[in-house]
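I opened this model to look up a few sites and elements. My entries follow the order in which I checked them.

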Amino acid sequence: MTRKNQTLGEFIIENQSSFQYSSGELSKLINAIRLAAKVVNHEVNKAGLVDVIGAAGDTNIQGEDQQKLDVFANEKFIQTLTNREIVCGIASEEEDSFISINSSDEKHQNKYVVLIDPLDGSSNIDVNVSVGTIFSIYRRVTPVGTPVQLEDFLQPGNQQVAAGYVVYGTSTMLVYTTGDGVNGFTLNPALGTFYLSHPNMQFPEDGKIYSVNEGNYIHFLQGVKDYIKYCQEEEGDRPYTSRYIGSLVSDFHRNMIKGGIYMYPKSSVAQSGKLRLLYECNPIAFIAEQANGLAIGGKNRIMDIMPTELHQRVPFFCGSRNMVEKLQEFLNKYH
Ligand code: AHM
Ligand code: MG
């Protein structure tokens with residue numbers, strides 16, 4: 001059940017019974033992410049005021065060690081999830097390997113692992129452009145009570161239990177799914193409370209926005225080049241509008257609300273594209289599909305890719321159903 005202006009805390013409690021496995025563990029986990037998001041939001045918001053922008057390891061004018069915001073966000077999410085002892089493992093885009101977490105009383109009893117991109121698009125911070133956090137939650141596949149293994153993290157996206165993102169934008173929003181639709185919550189900064197502002201988010205079936213780094217055009221495969229030309233042709237409702245922030249969460253969020261397609265193709269210089277399957281593509285794909293959109297990596301559905309490594313990159317296309325299907329027609333002509 002969703003009620004507008006419900007708080008995220010109320011929503012989590014009221015919808016707990018609809019989770020596939022409703023032991024309360026997943027609710028606590030989402031609550032922990034909510035908390036860490038607020039802390040990171042606070043820091044991101046004052047980025048222009050204090051000396052938090054700068055290289056990690058520098059010292060600010062108060063003599064405090066400076067941290068880059070992506071390092072800060074990484075630490076905050078890991079700390080919050082670790083201290084609350086509600087996950088058995090974390091993999092982060094910022095870490096080389098996964099982290100195994102023991103709970104203090106009964107060891108390794110938690111069943112969820114979290115994969116996270118703590119601050120995606122962080123190169124945008126210095127210029128006051130929106131950034132985001134992306135997270136993805138799975139049930140471990142190895143036995144509870146033992147340390148987590150790589151295979152707990154290398155699961156296809158279709159096994160996700162929940163996924164979401166936080167966009168630190170003109171207002172801060174947390175958008176997530178537990179496989180039962182997508183709901184968006186906006187932070188009231190004065191109260192520090194997220195309110196349900198976007199219940200049951202849906203991609204419009206058609207859209208008029210295409211988002212791609214066109215500076216790489218020359219390196220794209222012919223199918224992608226032809227689709228971009230199609231977007232630019234004058235016919236019917238075309239030409240479409242080009243919008244590219246360079247911050248996946250923001251580009252995706254806008255396209256989900258207005259209707260559009262996001263593309264990060266492979267190219268002759270980046271054979272697998274840029275985006276990470278586990279931290280970026282799978283969680284965004286889960287949200288896209290739950291919102292009646294599509295997410296593909298070429299011919300295949302993103303969430304059906306069997307990952308082989310933690311930091312694997314894949315080409316990524318996602319958005320309004322009809323736009324992605326049209327792109328697919330172009331891709332199929334060549335590859
Ligand atoms: P990051 O994980 O290093 O922040 O990179 C991911 C970001 C995405 O948010 C964004 O869509 C993309 O990189 C932009 O890349 P480019 O500048 O090559 O267009
Ligand atoms: Mg990233």
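I began with Asn213, which counts as partly exposed because 14 C-beta atoms lie within 10 Å of its own. For burial I used C-beta atoms placed from the backbone: 20 or more others within 10 Å is buried, 12 or fewer is exposed, and anything in between is partly exposed. The model is predicted, so I noted that local features need pLDDT of at least 70 and side-chain atom pairs count only at pLDDT 80 or more, while totals for chains, interfaces and linings use all residues. Residues are numbered from 1 along each chain as its sequence is written, and chains are lettered from A and ligands numbered from 1 in the order in which they are written.

Entry: the loop positions. I placed Asn213 in the loop between strand S9 (209-211) and H5. Helices (H or I, at least four residues) and strands (E, at least two) are DSSP runs, numbered from the N terminus. Leaving out residues up to four places away in sequence, Asn213 touches Tyr244 and Gly246; contact here is C-beta atoms, placed from the backbone, within 7 Å. Tyr244 sits in the loop between strand S10 (241-242) and helix H6 (248-258). Tyr244 is also partly exposed, with 16 C-beta neighbours inside 10 Å. With the same sequence neighbours left aside, its contacts are Ser211, Val212, Asn213 and Asp251. In the UniProt record, an unreviewed entry, both Asn213 and Tyr244 are among the positions listed as "binding site". UniProt positions are in the numbering used here, feature names are shortened, and annotations may be inferred rather than shown by experiment.

Entry: a second set of record positions. The unreviewed UniProt entry also gives "binding site" for Glu93, Asp117 and Leu119. They spread over 27 residues of sequence but cluster in space, the largest C-alpha distance being 9.1 Å. I found Asp117 in strand S3 (residues 112-120). Asp117 counts as buried because it has 29 C-beta neighbours inside 10 Å. Beyond four places in sequence, Asp117 is in contact with Glu93, Thr133, Ile134, Tyr279 and Glu280. Leu119 is in S3 too, and is buried with 29 other C-beta atoms within 10 Å. Outside its sequence neighbours up to four places away, Leu119 touches Leu69, Asp70, Ala73, Val131 and Thr133.

Entry: helix H8. I looked up H8 (residues 321-334): its 14 residues reach 21 Å from first C-alpha to last, close to the 20 Å expected at 1.5 Å a residue. The expected span is 1.5 Å times one less than the number of residues. Met323, Val324, Leu327 and Leu331 are buried in H8. Down the axis, the buried residues fall within an arc of 90°, so they line one face of the helix; the arc is that of the directions from the helix axis to the C-beta atoms. The face turned away carries the exposed Glu325, Glu329, Asn332 and Lys333. The cover over the buried residues includes helix H5 (222-232) and strands S11 (260-264), S12 (293-296) and S13 (316-320).

Entry: the sheet. I traced 8 strands in an open sheet of mixed pairing, in the order S2-S1-S3-S4-S5-S6-S7-S8. Strands pair if DSSP finds at least two bridges between them. The edge strands are S2 (99-100) and S8 (193-198), each pairing on one side only. S5 (residues 162-168) and S6 (residues 172-177) pair in the antiparallel sense over 6 bridges.

Notes
Two residues are in contact if their C-beta atoms, placed from the backbone, lie within 7 Å.
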